[in-house]
Amino acid sequence: MGSDSSARCFTNESVNFFYMNSNKNISDVWRKRDYAVVTLGMLVCFIVIFSNLLVIGAIIKNRRFHFPIYYLLGNLAFSDLFSGVSYLHLMFHTGPWTIKLSTYQWFVRQGLIDTSLTASVLNLLAVAMERHQTIFNMQLHSKMSTRRVFIIILSIWMIAIFMGLFPTMGWNCMCDLERCSTMAPLYSRSFLVFWAVLNLVTFSIMVAVYTRIFLYVRRKSRQMSEHTTQTRHKETVLSLMKTVSLILGLFVLCWTPGLVLLMLDGLDCEKCNVLQDKDMRRSFKELLCCLCPRRSGRSERNFTTLENSRLQTIRKVEECNGSSLLDHDSEVVVDKQ
């Protein structure tokens with residue numbers, strides 16, 4: 001199939017064709033897990049949409065929020081609102097519904113998610129740069145003009161839409177099946193690497209900028225006098241920094257594991273098993289357990305269980321072959337002790 005797949009494009013094939021090519025199974029039957037995922041996903045989407053509508057409404061209504069930083073935060077809320085709508089659309093086109101999608105519908109589904117993520121990342125980067133400029137100039141609000149802020153917002157959405165259209169415009173694997181990724185079977189692995197690395201680098205820049213800001217604010221706060229106006233200024237700046245940093249921290253925490261998986265998939269890491277949910281959960285559990293004290297009783301129980309299973313296997317072989325494997329194994333155990 002390698003030579004045939006590189007000689008022609010499979011634009012008329014179904015989504016199921018590409019999923020089978022990537023060995024990613026699609027269930028055509030609704031399971032309890034599918035119902036749970038869709039129900040929970042829709043609930044989260046409605047919460048995200050409602051909460052960001054409140055933020056946008058508050059910024060529009062209150063004139064005290066008519067400053068560049070709040071315009072950028074409002075645009076961030078709008079991009080998160082768009083994310084909620086995109087994932088709500090995903091909930092109605094996932095699970096067993098995926099197999100019924102055309103390739104165009106699949107690209108629309110993924111493009112909406114890519115666009116919303118790009119818009120959120122660029123908004124966070126813009127907020128980080130605005131805070132950096134403002135705080136290092138010892139200001140509460142930036143002196144950027146409203147026109148400049150709206151040009152930045154317009155640029156963010158133009159780049160986000162362009163990034164969402166990249167795979168649809170040709171950066172996919174429909175003409176080269178060997179380059180198809182596992183997690184997104186119609187995407188080229190090279191696009192996943194580009195996408196993941198670009199976002200991870202952006203995350204690193206934002207973390208570096210906020211780290212520098214925090215160090216600067218902490219140093220300056222120690223030098224500030226106890227005048228009332230300066231104290232209020234310091235408290236306002238710190239409060240705003242905590243809010244923005246909380247948003248950034250949660251965003252990075254939620255998206256980084258998925259981006260790492262996409263990058264590993266794009267690098268064609270066969271040993272990574274990016275679709276093995278059980279292995280991934282076990283790995284996460286092992287990492288978390290490293291932070292907790294280990295209990296000897298649990299290890300002893302696991303060791304006993306393994307030994308019992310091993311002895312049962314030996315007995316079965318002994319019954320079939322009539323050989324004294326159990327005696328030989330017992331001697332080996334004694335020697336090790």
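**Helices and cores in a predicted model**

Me: How many helices and strands does the chain have?
Reply: This is a predicted model, so keep that in mind. Reading along the sequence, you get α-α-α-α-α-α-α-α-α-α-α. The count for the chain is 11 helices and zero strands.

Me: Which helix supplies the largest share of the largest nonpolar core?
Reply: That core holds 52 residues, with Phe18, Trp106, Tyr187, Trp195, Phe203 and Leu259 touching the most other members. Several helices supply at least two residues each, among them helix 5 (103–136), helix 7 (189–223) and helix 8 (228–266). The largest share, 12 residues, comes from helix 7.

Me: Which residues does Leu259 touch, leaving aside those up to four places away in sequence?
Reply: Leu259 is one of the core members that touch the most others. With those sequence neighbours not counted, its contacts are Leu117, Trp195, Ala196, Asn199, Leu200 and Phe203.

Me: How many residues are in the second, separate core?
Reply: Cys45, Ile49, Ala77 and Leu81 are included in it. The second core has six residues.

Me: Is Ser83 buried or exposed?
Reply: Ser83 sits in helix 4 and touches Ser116 and Ser120, not counting residues up to four places away in sequence. Its relative accessibility is 13%, and the cut-off for burial is under 20%, so Ser83 counts as buried.

Me: What percentage of contacts between residues at least 6 apart in sequence join residues at least 24 apart?
Reply: The chain has 337 residues, and buried ones make up 34% of them. Among contacts between residues at least 6 apart, the share joining residues at least 24 apart is 75%.

Note on methods. Residues are numbered from 1 along each chain as its sequence is written. This is a predicted model: local features need pLDDT of at least 70, side-chain atom pairs count only at pLDDT 80 or more; totals for chains, interfaces and linings use all residues. Side-chain values use heavy atoms; hydrogens and water are left out. A nonpolar core is a set of buried Ala, Val, Leu, Ile, Met, Phe, Trp, Tyr and Cys residues joined through side-chain atoms within 4.5 Å. Buried means under 20% relative accessible area, exposed over 50%, partly exposed in between (1.4 Å probe, protein chains only). Helices (H or I, at least four residues) and strands (E, at least two) are DSSP runs, numbered from the N terminus. Contact means heavy atoms within 4.5 Å.
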